[in-house]
Amino acid sequence: MVKFFAEDVIDKNQIKIILITKRKIEMAEKETHHTKKIKIIFPLEKDEYGYPPFSEESMWGGEHQENYIIENIPFFVYNISLQDIVSIKKTGSRFFFDKLIHKSTNSTIRIYCKDPILVSQIRKKIIDMGCKWEFSNLKSLSAVNVPLDVCNDVISLLNKEDSLSYEISCKRF
């Protein structure tokens with residue numbers, strides 16, 4: 001990111017040059033971060049209670065050589081985390097998970113909580129620890145990406161709360 005200060009600008013012509021330069025830099029940054037993205041489908045198996053309520057979960061995958069890097073936090077899939085590298089099989093116009101190629105050091109935790117105030121408080125603390133948080137379309141379900149260095153701290157925090165439950169769906173610590 002390029003920052004400009006008012007004292008750096010002398011006249012209108014210089015402003016135009018700065019704006020053009022800034023725009024070129026921003027465009028170059030977008031081009032270097034461009035990768036092909038696809039929706040990767042993970043079939044789900046329901047338990048004896050009919051959970052999860054879906055037959056598949058899809059996640060964004062960014063192209064990485066001949067494989068894809070997971071770019072979402074899974075809500076229902078087990079043993080997959082953000083930044084894992086996976087292979088896919090194409091069936092028609094759909095891309096299905098084939099196998100895990102490389103594990104990231106991230107863990108995935110699902111949090112179930114019906115109290116929105118508690119969710120907000122816990123979410124802030126967990127994000128402050130360096131985690132990422134996604135809300136599900138199911139009202140009380142959230143998924144959290146937990147980096148290796150804060151796993152024990154996150155688990156300790158969650159264990160202190162009686163009004164929520166959690167599940168470690170992908171453990172990498």
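Me: Which residue in β8 does E134 stand opposite?
Reply: Bear in mind that this is a predicted model. β7 spans 132-135, and β7 and β8 pair in the antiparallel sense over four bridges. Across from E134, the residue in β8 is A143.

Me: What is the strand order in the open sheet of four strands?
Reply: The pairing in this sheet is antiparallel. Its edge strands are β7 and β9, each pairing on one side only, and the twist averages 25° from one strand to the next. Reading across, the order is β7-β8-β6-β9.

Me: What angle does the direction of α2 make with that of β7?
Reply: α2 covers residues 116-128 and packs on the sheet, where it touches β6, β7 and β8. Its direction and that of β7 make about 150°.

Me: And α3, at what angle does that helix run to β6?
Reply: α3 takes in residues 151-159. It lies across β6, β8 and β9. Relative to β6, it runs at about 10°.

Me: Why do the buried residues of α3 line one face of the helix?
Reply: The buried ones are C151, V154, I155, L157 and L158. An α-helix has 3.6 residues a turn, so residues three or four places apart point the same way. Seen down the axis of α3, the buried residues line one face because they fall within an arc of 160°.

Me: What covers those buried residues of α3?
Reply: Start from the sheet, since α3 lies across β6, β8 and β9. A helix takes part in the cover too, namely α2. So the cover of the buried residues of α3 includes β6 (107-112), β8 (141-146), β9 (165-170) and α2 (116-128).

Me: Is D153 buried, partly exposed or exposed, and what is its relative accessible area?
Reply: D153 is found in helix α3. Buried would need under 20%, and exposed over 50%. D153 is partly exposed, because its relative accessible area is 45%.

Me: How far apart in space are D153 and M129, C-alpha to C-alpha?
Reply: In sequence, D153 and M129 are 24 residues apart. In space, the C-alpha to C-alpha distance is 8.4 Å.

Me: Which residue in the turn of the β2 and β3 hairpin has a positive phi?
Reply: β2 (residues 56-64) and β3 (residues 67-70) pair in the antiparallel sense over four bridges, with G61 opposite I70. The hairpin has two residues between its strands. The one with a positive phi, about 55°, is Q65.

Me: Which residue in β4 stands opposite Y68?
Reply: β3 also pairs with β4 (residues 85-91), in the antiparallel sense over two bridges. Opposite Y68 in β4 you'll find V86.

Me: Is N72 buried or exposed?
Reply: N72 sits in the loop between β3 and β4. Its relative accessibility is 16%, and the cut-off for buried is under 20%. N72 therefore counts as buried.

Me: Which residue has its backbone nitrogen 2.5 Å from a polar atom of the side chain of N72?
Reply: Leaving aside neighbours within four places in sequence, N72 is in contact with M59, W60, L82 and E134. The backbone nitrogen lying 2.5 Å from a polar atom of the N72 side chain belongs to W60.

Me: What share of the residues of the chain count as buried?
Reply: The chain has three helices and nine strands, and exposes about 11,500 Å². Of its 173 residues, the share that count as buried is 35%.

Definitions and conventions. Residues numbered from 1 in each chain as written. Predicted model: local features only at pLDDT ≥ 70, side-chain atom pairs only at ≥ 80, totals over all residues. Heavy atoms only, no water. Buried < 20%, exposed > 50% of the residue type's maximum accessible area, 1.4 Å probe, protein only. Arc of directions from axis to C-beta. Contact = heavy atoms within 4.5 Å. Areas by Shrake-Rupley, 256 points an atom, 1.4 Å probe, with all protein chains shown as cover. Pairing = 2+ DSSP bridges. Axes fitted to C-alpha atoms, helices over the stretch in contact; angles between N-to-C directions. Polar contact = N/O pair within 3.5 Å; in protein donor to acceptor, adjacent residues only side chain to side chain.
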